[in-house]
Amino acid sequence: MSNVFISTANCGKAHDADIFGLSVCNPYTVTCSGDGSIKLWKNNLLDNELPRNNYIRQFVHKTGVHHVEVFHSVERGGNELCIIACVSFSGHIFFYNVDIESGDLNELNLLSPKEDKKSYWAIKWYKSDDSNICHRFAATDVKGSTYVWRFHPFEEELDEEQAQKEKMKREAKARRNGEYVPDKDAEIDSTFRSATVRPHLMLDAEIPAQKPAFATCIDISSSGLIATGFSNGNVVISQLRTLRPIHNFEAFGIQGIEQNSNTVRDVKFSPLGTILAVASDSGSYGCVTMYETEYGERIGSLTVPTHSNQATIGAFAHSGWVFGLSFNSTGEFLASCGYDSKVRVWDVKSRERVSTLNITASDIEEEQEILLEDEHGDSLKFPPVMAVKFINKGVRKGMGSDTNEGLCCVCMDRSVRWFREAGGA
Amino acid sequence: MKECLNDYMKQCSTKHDLLEALKSPSRTIYVTVFQGSVLDTIESILSLARNSIEHHQQPIKFILGGSAKPLLFPSLNDPNSTNKISVLLTLLRTIHKCLEEKEVRTIRDIYYSNVELYRNQKKVDYWLSTIVRSFHLPSKEYLNIVPAQKGLCYTTLGINVETDDMQSAIMKDSSVLIPHLKQNSKLTLVEYTDTRLALIVLEKEAVYNKLVDAYSKELQPHNVIIVTGKGYPDFLTRLFLNKLQSFASCIKSWSIYTDADPHGIDIALKYMENDHNPLYKCDLLEYRGVRLCQLLRHKDVQFLELSQRDVSLAIKLLDRLTDSTHCESHLFLIELQRQLFYYKKAEMNAIDKDHFFSH
């Protein structure tokens, strides 16, 4: 079986320097770059509109921005919140509140002066769909620690532990009486309607590094797990509620050969949180390994067939470092992208490749936007793909997007490309 | 009648005042006051110190230039003071001898002349700098003391060096230490014909040796000057490049190659930028890598993780570069961002020697 993706839109020379990060929310596709700015590309484009003319630019920091994550949610009382978090190379996290109606960005100060002093690297928003559980924000720092904050959109803070206790009490009572007690959500909702919106973060705790290593990536699952990947190849899964490490996937630890560098470049949980996909290096090749999260068992690797049977450790997914992973909304498919300028889509169940997108610089529609070499004179004819994200149905407007999922990727030729699955309309 | 202890105790209300009152008066020697030549100044300082100690048995106090604290001998509070004064006097005597006999010595040489006293070479360097600062001299070479040469140079054309009417030469087709230069030295290229002349600066000595080897074995199509500062360059190497820049306008291509790590970038910047003294920079140099992207094309290169030190250096450099007015700073910026984002570094040894001749 193979899935075909067709290009729907693209924009070359989207930034003035390398694009390092990508995040997709309903209204915008957000990119961040070494030129120090983030750009919010409007998702809802009419037939005759081009991405080039429909974006909002926000300058963040002169040293460049390498990670961006968007939190978009409709909170109680119909309050729509869109907050962009991004990290600069200087290690600071910046937050912006986006007014969706007007497209205005306002900088928010969500960290305390003490928290602001650390050198952060990767960040992650966790949007909770359970009204009794707080939203979370997590960040790793260059020394290997992971910090988790609770995100409160309103002045009134939700006491998660108290809410859980009350919920359990209600359920116990309901069981005793053998009757159905309606959820108190409706009641809470009315009290929050009058609440003042004041987004703020409360530091939950820190997961200290087991060994000092660069914490390169982070993800939070809907099942309450948090995974941190390290530059030395280790991955630690901790419980979000207690922040206690429960699984530890060690790297091979083989050193002194070409395959020594097994830096973890991305970790992603499947939508249900049952599978963790890990992208790591093997020399200058890239591997994707999947783990089951309940017992911490390794499920297997995603590999492309090679003609050599001598490659014993060489179970490669890309013939270049893998920079990004993304599950689709159902968890059936996983997209990976890498330095080999390819985006691959894998069937998670069969662990087989269902699609490969070969990116070339000349794909860009507008000829003057094609960038064939960088400032150093290095060829970008086959540009490395720095990040990839699945786009849910109905996010990008236009033909077929309501029934089909899409993909978005950013490449080293400073381009943003959008794709949509073909057929099935 | 002289005052007794009881009188002193009455006069002084605190312990500190009493201690001060009981101290014998010391003789103050100003190292900062310049009298005629350096030689005369040192002579008078030494004779003052000798007289106080030998003939008058009087404590002495040295006032140094800059922010250095005054030194007391004998000192009750600072146990290191005696050592400091010994170092200072010994160095002054050494400088005196060097100047008198018109002899040039290296810092390393001085350190080895009395290891027990100096303990480490850094200390010699520190006290020499203090002396230079106190005398308001521009550099240590005015004391006839120079840092040991570190940089190496290989050239296919002979270079004549002229310093204060002294002639020396860098022989062609041989690898030599960069000769001692002064800020007023002049360089001339001999046998220069109109062929292309390229200058290559390398971070690593190993790569330098490889290239020199290749050059001496087979004749290359054009003339070349290869320089290495063996890691972070010393002032002499930088001064040499600066002199070449001003006296050898026939050099058509100036390239610098360093490791693909934040230290490599820092080293390249050391050669190319100097806000304090423009004599120690060479702004014609072009940074040509080695970059991670170039190395990634070779499948057999070993990539190492960035260490915590590398990461903090990279962040510091990024911050500095964004404020820099240097025209190539954006190239460094891009390279540093990539190094950080890939969390990797690699060594320049991995690249083929022909690469360095390609420009």
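This is a guided tour of a predicted model, stop by stop, with a selection to make at each one.

**Stop 1: where the two chains meet**

Start by colouring chain A and chain B separately and selecting the residues at their interface. On the chain A side, 43 residues are in contact with 29 residues of chain B. The size of an interface is often given as the accessible area lost when the parts come together. For chain A and chain B that area is about 3300 Å², with 57% of it on carbon and sulfur atoms. Charged pairs are here too: the interface of chain A and chain B holds five salt bridges. To look at one of them, show the side chains of Lys62(A) and Asp323(B), which form a salt bridge with an N to O distance of 3.2 Å.

**Stop 2: strand β3 of chain A and its partners**

Now select residues 28-33 of chain A, which make up strand β3. Is this strand buried or exposed? Six of its six residues are buried, so β3(A) is largely enclosed by the rest of the structure. In a regular strand the side chains alternate between the two faces of the sheet. Try showing one face at a time: Tyr28(A), Val30(A) and Cys32(A) lie on one side, Thr29(A), Thr31(A) and Ser33(A) lie on the other, and all of them are buried.

Next, add residues 19-24 of chain A, strand β2, which runs antiparallel to β3(A) and is joined to it by five bridges. The link from β2(A) to β3(A) is a hairpin with three residues in between. Then add residues 37-42 of chain A, strand β4, which is also antiparallel to β3(A) and joined to it by five bridges. The hairpin of β3(A) and β4(A) has three residues between the strands, and there Gly36(A) takes a positive phi near 90°.

Thr31(A) is a handy residue to centre on. Its bridge partner in β2(A) is Leu22(A), and Lys39(A) stands opposite Thr31(A) in β4(A).

**Stop 3: the cysteines**

Stay with Cys32(A) for a moment and select Cys86(A) as well. A disulfide is a covalent bond between the sulfur atoms of two cysteines. How many disulfides does the structure hold? Over all chains, the count is zero. For Cys86(A), the closest cysteine sulfur is that of Cys32(A), and at 7.0 Å the two are too far apart for a bond. Cys86(A) is buried, with a relative accessible area of 0%. Cys134(A) is buried as well, at 3% relative accessibility.

**Stop 4: a four-stranded open sheet**

Move along chain A and select strands β18, β19, β20 and β21. They form an open sheet in the order β18-β19-β20-β21, with antiparallel pairing. Which strands stand at the edges? They are β18 (264-269) and β21 (298-302) of chain A; each has a single partner strand, so one side of each is left without a neighbour in the sheet. On average, neighbouring strands of this sheet are turned by 20° against each other, direction ignored.

Zoom in on residues 275-282 (β19) and 285-292 (β20) of chain A, an antiparallel pair joined by eight bridges. Within this pair, Ala277(A) stands opposite Met290(A) in β20(A).

**Stop 5: unusual backbone angles**

Most residues other than glycine have a negative phi, and most peptide bonds are trans. Here are some places to see something else.

- Lys13(A): select the loop between β1 (5-11) and β2 of chain A. Phi of this lysine is positive, near 45°, and Lys13(A) is partly exposed at 36% relative accessibility.
- Ser341(A): go to the loop between β23 (333-338) and β24 (342-347) of chain A. This serine has a positive phi of about 60°, and Ser341(A) is buried at 5% relative accessibility.
- Pro74(B): switch to the loop between β3 (71-73) and α4 (81-101) of chain B. The peptide bond from Phe73(B) to Pro74(B) is cis, with omega near -10°.

**Stop 6: two helices**

While you are in chain B, select residues 262-272, helix α10, which is mostly covered, with ten of its eleven residues buried. Among the buried residues of α10(B) are His263(B), Asp266(B), Leu269(B) and Tyr271(B).

Finish in chain A with helix α1 (residues 160-177), where you will find Lys173(A). Lys173(A) is partly exposed, with a relative accessible area of 48%. For a last distance to draw, pick the C-alpha atoms of Lys173(A) and Asn392(A): they are 40 Å apart in space and 219 residues apart in sequence.

Technical notes
Residues are numbered from 1 along each chain as its sequence is written. Chains are lettered from A and ligands numbered from 1 in the order in which they are written. This is a predicted model: local features need pLDDT of at least 70, side-chain atom pairs count only at pLDDT 80 or more; totals for chains, interfaces and linings use all residues. Side-chain values use heavy atoms; hydrogens and water are left out. A disulfide is a pair of cysteine sulfur atoms within 2.5 Å. Buried means under 20% relative accessible area, exposed over 50%, partly exposed in between (1.4 Å probe, protein chains only). Two strands pair if DSSP finds at least two bridges between them. Axes are lines fitted to C-alpha atoms, for helices over the stretch in contact, and angles run from 0 to 180 degrees between N-to-C directions. Contact means heavy atoms within 4.5 Å. Buried area is the accessible area (1.4 Å probe) that two parts lose on being put together, summed over both. A salt bridge is a side-chain nitrogen of Lys or Arg within 4 Å of a carboxyl oxygen of Asp or Glu.
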